[in-house]
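Me: Hi! I am new to reading protein models, and I would like to go through one with you. Could we start from the inside and work outwards?

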Amino acid sequence: LGDEMLGFLLSSGFHLKSPSSSRRLRCSAVDEPWGEASIPRKEWNFRGYKVAYRSCGEENTERPSLVCVHGFGAHSFHWRKNLPELGKEYRVYAIDLLGFGFSDKPRVGELCSEDRPVAYDYDNWSTQVARFIEQVVGTQSFLVANSIGCVAALQAAVDYPQLVNGVVQFDPSLRLLTVQRRNWIDNITAPLIMKALVNLRPLASFFFENLSNPQTLKNVLKLAYHDERKIDDQLVQALRAPALELGALDVFLAFITYDTGPIPEDFLEIIEQPTMIVWGENDQLEPIKIGRTLADFPSVEEFVVLPGVGHCPQDEVPEQANEIVKAFVERHSSSAPKISEGEEATSLVQGEPSR
C-alpha cells in the first residue's frame, strides 16, 4: 500500500456499526461472482497449506506458460479479464498468495510442514511462486504481476532464474512506507500507528471490519481505478469475500506492519531476465512520478504509460494489458524446457537462492 491508501483507510470511510464477526466463514466456490466468465478454482499444497489457483489454456502444451500474481487485498479473480483471453494462446495460471484470496491464512509464526515459521513477506511469497512453477506448471514461465505481486515476482526471478523467463509488471508497489523510504516524520508516525493497530486488537478488528464493508471497499477501489465505471458489484463482492474468512484480519495486520524487506530497485539492479513495466498514468496509490525512476535500470527494457488508467491496468483496460503481455511473451519466448522431476527439481526451490 502507498501512503495515500493507508492515510485514506485511517481517516475515512468508516461506518458506526461494525459487521458481525460471525460472518467470517469459509466461502465456497459457488459464492464467487465470476458469472459468465466462471473459471473453476483449483487447489495445490504449499508447505502443508492449501493454495487456490485458476488456469486457462492448459491444452496449449507447446506454448509458453504464464503465471499471474495479484496485488494487496486481491486474488486470482483480479485476472478475470486476462485468463480467458491469454488462455487462447498460452498456458495461463493465476495464483492466490498465501494469506490472500481463498488460500489458507495460517497464524504468523505457526510452523509449517517444513518447520518454518509462517510469515507474510516476500521471501515466502516468492518461494511459493517458484514452487508453483516447478510443481504445477512444470516449465519455465513468464511472470505477470500487479502491485505487491511485482515484488514477489521479481524476487522469484532473481532467486530462481532457472524457473522464470521474464517479468511483466503492472504498477509495481514502490513500498513507500518501508524503512528504506520513510522520511523522518514517517519514521515517527508510521511505527506508532502500526503498534496501535497490533496492540489494540479491538480497534484493529473494528478497522478491518469496516474496511470490508461494501461501500467502504468501493470507496477504497476508487483510489485504485481511474474509471469508476469498472468498479462493478462483481468486483466488490469478489474482493470482499476472502476478507470475511477466519485469519484475514491477522494477515492484514501482518502485512501493513511489514516495513522491512526489499523494494523493487533491489531486484532491478541484479535481475538477469528481461522485464518491462506498465504504469497507469492516473495511479493514485503508486505515483508514476516516482515510478518513472525505475525505467533508468538497464534491466527494464520498456516503460509503458497508459493514459487515463489507475493502479490495476489488467482489470481496468484488459484489452490493452493483454496485448502488451502477448507482445512481451512473443519477443522472448522459446521452447521452454520442462523442469526435471524428482529430487533434483525439489532442490531448485528448497535450496539456497542463487543470489
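Me: Which residues touch the most other members of the largest nonpolar core?
Reply: Happy to help, and keep in mind that this is a predicted model. The largest nonpolar core has 52 residues. Those that touch the most other members are V67, Y122, W125, F132, L143 and V167.

Me: Which helix gives the most to this core?
Reply: Look along residues 148-159, which form one helix. Nine residues of the core come from there, and the helix is α4.

Me: What is V67 in contact with, leaving aside its neighbours within four places in sequence?
Reply: V67 is one of the residues that touch the most other members of the largest core, so it is a nice one to click on. Leaving aside neighbours within four places in sequence, its contacts are Y93, I95, F132, I133, V137, S141, F142, L143 and V144.

Me: How many residues are in the second, separate core?
Reply: You can find this core through some of its members, including V144, M276, A321 and F328. Its total is 25 residues.

Me: Is Y122 buried or exposed?
Reply: A residue counts as buried when its relative accessible area is under 20%. The value for Y122 is 0%. Because 0% falls under that cut-off, Y122 is buried.

Me: What is the angle between the planes of Y122 and W125?
Reply: There are 13 aromatic pairs in the structure. A pair of aromatic rings is described by the distance of the centres and the angle of the planes. For F72 and F100, an edge-to-face pair, the centres are 5.9 Å apart and the planes 80 degrees apart. Y122 and W125 are also edge-to-face, with 5.7 Å centre to centre and an angle of 75 degrees.

Me: Why are Y122 and W125 separated by about one helical turn?
Reply: Both residues sit in helix α3. They are separated by about one helical turn because they are three residues apart in that helix.

Me: How many residues apart are F72 and F100, the pair that links distant parts of the chain?
Reply: F72 is in the loop between β3 (65-69) and α2 (83-86). F100 is in another place, the loop between β4 (91-95) and α3 (122-137). Along the chain, they are 28 residues apart.

Me: Which one counts as buried, F72 or F100?
Reply: The cut-off to remember is that buried means under 20%. F72 has a relative accessible area of 21%, so it is partly exposed. At 6%, the residue that counts as buried is F100.

Me: Which residues do ring pairs link into a cluster?
Reply: Start from the two pairs we have just seen, F72 with F100 and Y122 with W125. Ring pairs join these four with two further phenylalanines. The cluster is F72, F100, Y122, W125, F252 and F255.

Me: How many residues of α3 are buried?
Reply: Helix α3 holds W125, which is buried with a relative accessible area of 1%. The helix is largely enclosed by the rest of the structure, because the buried count among its 16 residues is 13.

Me: Which residue caps the N-terminal end of α3?
Reply: Look for a side-chain oxygen that lies 3.4 Å from the backbone nitrogen of D123. That oxygen belongs to the capping residue, D121.

Me: Where is R47, and is it buried or exposed?
Reply: R47 has a positive phi, near 55 degrees, in a residue other than glycine. Its place is the loop between β1 (42-46) and β2 (49-56). With a relative accessibility of 8%, R47 counts as buried.

Me: Is D115 buried or exposed?
Reply: D115 has a positive phi of about 60 degrees although it is not a glycine, and it lies in the loop between β4 and α3. Exposed means over 50% relative accessible area. Because the value for D115 is 62%, it is exposed.

Me: How far apart in space are F170 and A145, C-alpha to C-alpha?
Reply: F170 is in strand β6 (residues 164-172) and is buried, with a relative accessible area of 1%. In sequence, F170 and A145 are 25 residues apart. In space, their C-alpha distance is 6.0 Å.

Me: What share of the chain counts as buried?
Reply: The chain has 14 helices and eight strands. Out of its 355 residues, the share that counts as buried is 57%.

Key. Residues are numbered from 1 along each chain as its sequence is written. This is a predicted model: local features need pLDDT of at least 70, side-chain atom pairs count only at pLDDT 80 or more; totals for chains, interfaces and linings use all residues. Side-chain values use heavy atoms; hydrogens and water are left out. Rings of Phe, Tyr and Trp (its six-membered ring) pair if their centres lie within 6.5 Å; planes under 30 degrees apart count as stacked, over 60 as edge-to-face and the rest as tilted. Helices (H or I, at least four residues) and strands (E, at least two) are DSSP runs, numbered from the N terminus. Buried means under 20% relative accessible area, exposed over 50%, partly exposed in between (1.4 Å probe, protein chains only). A nonpolar core is a set of buried Ala, Val, Leu, Ile, Met, Phe, Trp, Tyr and Cys residues joined through side-chain atoms within 4.5 Å. Contact means heavy atoms within 4.5 Å. A polar contact is a pair of N or O atoms within 3.5 Å; within protein, one must be able to donate a hydrogen and the other to accept it, and residues adjacent in sequence count only if both atoms are side-chain atoms.
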